[in-house]
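The following paragraphs lead the reader through a protein model with its ligand. The account starts at the ligand and then turns to the fold as a whole.

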Amino acid sequence: MIRLQNVSKQYSNGKAVDDISFFIKEGETLVLLGTSGCGKTTTLRMINRLTEPTQGDITINGQNIKTQSPELLRRGIGYVLQHHGLFPHYTVAENISIVPNLLKWTKEKTTSRVNELLEKLELPLKVANLYPAQLSGGQQQRVGLARALAANAPVLLMDEPLGALDPVTRASIRKEFNTLDELKRKTILMVTHDVQEAFELGDRICLMNEGKIVQIGTATELLFKPSNDFVSTFFKEQRFQLELESIQLKDIWQLLPKTIEGTDEKVLSPETTLWEAIDTISQATGLGAERFVTTVNNQNKQVETGSLMAAYTAYKNSFTA
Ligand SMILES: Nc1ncnc2c1ncn2[C@@H]1O[C@H](COP(=O)(O)OP(=O)(O)OP(=O)(O)O)[C@@H](O)[C@H]1O
């Protein structure tokens with residue numbers, strides 16, 4: 001869907017982006033992560049032509065973006081910024097309606113889309129007639145997202161979309177992002193410097209340093225198959241938690257004790273992460289003798305904290321063996 005081929009951006013003070021290439025497939029979320037000043041925002045801005053590359057090609061659905069006018073290109077690309085970027089003198093509804101109005105949607109269609117998005121993003125309908133300054137930071141970010149989603153653009157660029165929020169609001173909006181079906185259908189490139197956020201929201205992560213891509217891959221690839229010391233050091237502080245959050249029960253299925261007959265009252269889906277499984281089990285401890293089971297291809301395995309941790313260690317070791 002989105003392809004960057006040998007893209008560079010040179011400023012007079014040096015190279016902000018240095019010969020990067022990647023492909024984001026349709027419906028995928030790729031997260032750009034890295035040290036401050038490593039070129040994440042510049043990379044993002046080259047995709048909607050807010051910044052022009054010095055070298056290289058960018059295509060969306062096979063079409064070189066240079067062949068389209070920046071205005072037309074941007075109508076097909078939603079853009080969410082850290083500080084929401086809402087127009088202060090437009091009401092919430094007017095802000096969300098900007099692209100639908102450019103596309104000359106009827107008034108009824110636009111109003112119904114605005115209301116639909118307010119509802120999906122858990123904003124009260126009455127905020128439609130308020131101005132951005134009358135909303136909380138979390139609500140402003142939600143409106144920023146609603147505006148980017150308004151015209152059903154297939155591509156979404158997000159630059160630190162939750163960066164200005166407190167950690168609690170941030171974590172709760174992040175959870176909503178993961179369940180919002182409008183986002184599931186989109187091809188998304190997101191910039192963050194928050195490792196936790198990158199792991200929660202990205203299908204794959206592109207780790208950058210000094211304008212270059214150091215490694216691009218899934219969370220487990222980056223954690224268990226780091227391409228060099230920079231990658232392992234980058235995740236050092238939160239490694240244990242990240243590992244437990246990125247391994248799903250289905251990944252360690254073969255490493256769990258033998259298959260058992262019959263199901264039980266608590267079945268954990270194969271997509272449950274180790275982190276969630278341990279959390280669920282420990283919360284239930286003392287509430288009775290519940291047996292936790294995971295099921296793959298109609299076969300059940302019993303899971304408890306001890307066997308999960310043993311499987312985790314074996315899984316981890318399998319990468320160094
Ligand atoms: N318009 C510009 N003129 C000159 N240099 C620029 C310009 N925009 C960005 N740079 C430089 O390019 C480099 C990459 O900047 P960029 O904003 O892409 O980094 P980033 O990874 O998004 O950083 P951060 O996480 O701190 O926002 C930096 O050294 C920055 O100073």
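In this predicted model, the shell around the ligand comprises three nonpolar, eight polar and one charged residues. The residues that surround the ligand are Y11, N13, A16, G34, S36, G37, C38, G39, K40, T41, T42 and H193. Under the classification used here, Tyr, Ala and Cys count as nonpolar and Lys as charged, whereas Gly is placed among the polar residues. Helix α1, which covers residues 40–47, makes the greatest contribution to this shell, supplying three residues.

The protein around this site may be described next. Its secondary structure consists of 14 helices and 14 strands. The C-alpha trace extends over about 60 × 50 × 35 Å along the principal axes. Of the 321 residues in the protein, 34% are buried. Among contacts with a separation of 6 or more, 69% are formed by residues 24 or more positions apart.

A single position on helix α5 completes the description. S112 belongs to this helix, which runs over residues 107–120. Is S112 buried or exposed? A residue counts as exposed if 12 or fewer other C-beta atoms lie within 10 Å of its own. S112 has 12 such atoms within 10 Å and is therefore exposed. How far apart in space are S112 and L308? Their C-alpha atoms are 48 Å apart, and 196 residues separate S112 and L308 in sequence.

Conventions:
Residues numbered from 1 in each chain as written. Predicted model: local features only at pLDDT ≥ 70, side-chain atom pairs only at ≥ 80, totals over all residues. Helix = DSSP H or I, 4+ residues; strand = E, 2+ residues; numbered from the N terminus. Buried ≥ 20, exposed ≤ 12 C-beta atoms within 10 Å, placed from the backbone. Contact = placed C-beta atoms within 7 Å. Near = placed C-beta within 6 Å.
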